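User: I am new to this structure and would like to learn how its features are read. Could we take them one at a time?

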Amino acid sequence: MFAINVPVAALALVAVAVLVPESRDPAPPRPDLVGAALSTLGLVALVYGLIEAPGRGWGDHVVLGMLGTGLLLLAAFASWERHAAAPMIDLGLFARRRFLFGTLAMTVASFTLFGLLFVLPQYFQAVRGSDALDTGVRLLPLIGGLIVGARTSATLTVRIGTRVSIAAGLVLIAGGLAFGATTTVDSGYALAACWLPVVGAGAGLTLAPAMDAVLGELPVARAGSGTAVTMTVRQVGGALGVALLGSISASAYTGRLDVTGLPAPAAGVARDSVNAAVALAGRLSDPALAASAHTAYTQAMDIVLACCAAVALAGAVFIAMLMPARGAMAQPSEEPNHELADLVSRA
């Protein structure tokens with residue numbers, strides 16, 4: 001699994017060296033080591049606290065201490081970046097509202113997609129009995145929808161504008177996830193095949209216009225650094241989404257799992273994950289435990305999908321109400337970045 005990536009990476013290195021034109025800052029700033037340290041330590045502490053919360057409890061002193069430390073370090077990072085001579089992230093970019101809301105839209109889309117991809121494969125494998133390859137194939141409608149949405153966004157943005165396109169994409173994501181949150185243990189794959197393309201299309205319709213909005217607010221000289229800021233925020237949002245939604249999923253699953261009659265060690269194993277519970281049920285020939293694990297995990301997944309739907313809907317409302325239709329640097333036609341749409345569709 002790891003080795004297969006080596007030739008791909010080697011080919012990418014050659015392609016970059018041969019095809020990508022050089023771009024260099026004539027006055028590169030010094031590395032912001034303090035900012036890098038504060039942001040890294042803050043995110044590590046925050047994510048660790050979120051991951052440990054289901055096992056230790058949200059009121060545990062370690063969890064509260066790590067969450068508090070993470071927030072304090074990130075606040076210190078923001079303060080440092082505002083006053084540093086050569087900041088790692090130019091926080092002034094977020095004063096541009098289209099840049100801010102374009103970044104927000106991409107972060108919300110990443111949050112929901114990371115959450116979906118965290119819970120759904122386990123449902124296919126542990127509850128529906130699919131193997132790894134079959135699970136990957138069953139996720140293809142999501143990618144198909146993403147391709148269609150990204151390609152459609154180029155034309156749609158010209159007709160209705162960036163703001164409406166992004167809001168519509170987030171509404172599609174919310175609707176698809178809300179439909180997915182109706183999944184039960186007995187739901188066949190047909191249900192997932194209906195809502196996965198909707199979520200994918202919404203993501204494609206959101207990401208390409210959102211990146212257009214971000215790039216439209218940046219001078220050419222700052223396009224690279226501005227895009228890097230946006231992608232960093234997007235990835236952080238996705239990582240925090242996995243940590244937070246994973247904690248919600250774990251808490252919901254353990255709270256609904258029936259381990260009555262199991263010895264304490266076996267009950268602890270069953271609570272660790274749905275895969276562990278199903279494997280334990282098979283070894284013990286305990287169909288009741290397997291059924292309880294399936295039901296508990298499906299309900300936990302539905303809660304996660306419902307949370308993602310709520311976040312996407314809130315993002316759509318914020319975009320529709322607060323995002324300017326055009327920025328100071330936008331062209332009157334709001335001509336979209338067709339190359340970007342193609343790039344997203346190939347991702």
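User: Which residues is Ser247 in contact with, leaving aside its neighbours within four places in sequence?

Analyst: This is a predicted model, so every value here is computed from predicted coordinates. Contacts with residues outside the immediate sequence neighbourhood show what a residue meets in the fold. For Ser247, these partners are Leu50, Ile51, Pro54 and Trp58. Ser247 itself belongs to helix α9, residues 223-256.

User: Is Ser247 buried or exposed?

Analyst: Accessibility is read against a cut-off: under 20% relative accessible area counts as buried. Ser247 has 1%, and therefore counts as buried. Its side chain also has a polar partner: a polar atom there lies 2.9 Å from the backbone oxygen of Ala243.

User: How does one judge the length of a helix, for instance α3?

Analyst: One compares the expected span with the distance between the end C-alpha atoms. Helix α3 covers residues 61-83, and its 23 residues should span 33 Å at 1.5 Å a residue; the end C-alpha atoms are 33 Å apart, so the two values agree. Helix α7, residues 162-180, can be read in the same manner: its 19 residues reach 27 Å from first C-alpha to last, close to the 27 Å expected.

User: Which residues of α3 are buried, and what covers them?

Analyst: The buried residues of α3 are Val63, Leu67, Gly70, Phe77 and Glu81. Their cover includes α2, residues 33-56. At the start of α3 there is a further detail: a side-chain oxygen of Asp60 comes to within 2.8 Å of the backbone nitrogen of Val62.

User: Which elements are included in what covers the buried residues of α7?

Analyst: That cover includes α4, α6 (140-160), α8 and α12 (287-322). The buried residues of α7 include Thr162, Ser165, Ile166, Leu170 and Ile173. Glycines also appear in that list, among them Gly169, Gly176 and Gly180.

User: How should I read the open spaces, beginning with the largest pocket? What is its volume?

Analyst: A pocket is described by its volume, its lining and the elements that supply the lining. The largest pocket has a volume of about 1100 Å³. Its lining has 36 residues, and Met88, Ile89, Asp90, Ser225 and Val229 lie nearest its centre. Two or more lining residues come from each of α2, α3, α4 and α9. Helix α9 gives the most, with 11 residues. By residue type, the lining divides into 21 nonpolar, 10 polar and five charged.

User: How many cavities of 30 Å³ or more are there?

Analyst: A cavity differs from a pocket in that a probe fits inside but cannot get out. The count is one cavity of 30 Å³ or more. The largest cavity has a volume of about 50 Å³. The elements giving two or more residues to its lining are α4 (97-127) and α8 (189-216). Helix α8 gives the most, with four residues. Among the lining residues are Leu120, Tyr123, Phe124, Tyr189 and Trp195. The lining of this cavity comprises seven nonpolar residues, three polar and no charged.

User: What is notable about the phi of Ser285?

Analyst: Most residues other than glycine have a negative phi. Ser285 is not a glycine, yet has a positive phi of about 55°. Its place is in the loop between α11 (274-284) and α12. Because its relative accessibility is 63%, Ser285 counts as exposed.

User: How does separation along the chain relate to separation in space, for example for Thr260 and Leu289?

Analyst: The two separations should be read together. Thr260 and Leu289 are 29 residues apart in sequence and 9.0 Å apart in space, C-alpha to C-alpha. In another pair, Val158 and Phe124, 34 residues apart along the chain, have C-alpha atoms separated by 39 Å. Val158 lies in helix α6 and is partly exposed, with a relative accessible area of 40%.

User: Where is Thr260 found, and which side chain does it join by a polar contact?

Analyst: Thr260 is in the loop between α9 and α10 (264-272). With a relative accessible area of 72%, Thr260 is exposed. A polar contact of 2.6 Å joins its side chain to that of Asp258.

Conventions:
Residues numbered from 1 in each chain as written. Predicted model: local features only at pLDDT ≥ 70, side-chain atom pairs only at ≥ 80, totals over all residues. Heavy atoms only, no water. Expected span 1.5 Å × (residues − 1). Buried < 20%, exposed > 50% of the residue type's maximum accessible area, 1.4 Å probe, protein only. Contact = heavy atoms within 4.5 Å. Polar contact = N/O pair within 3.5 Å; in protein donor to acceptor, adjacent residues only side chain to side chain. 1 Å grid on protein atoms, 1.4 Å probe; cavity = no way out; pocket = protein on both sides within 12 Å on 5 of 7 lines; lining within 4 Å. Points joined across faces, edges and corners; volume = space filled by probe spheres on them. Nonpolar A, V, L, I, M, F, W, Y, C, P; charged D, E, K, R; others polar.
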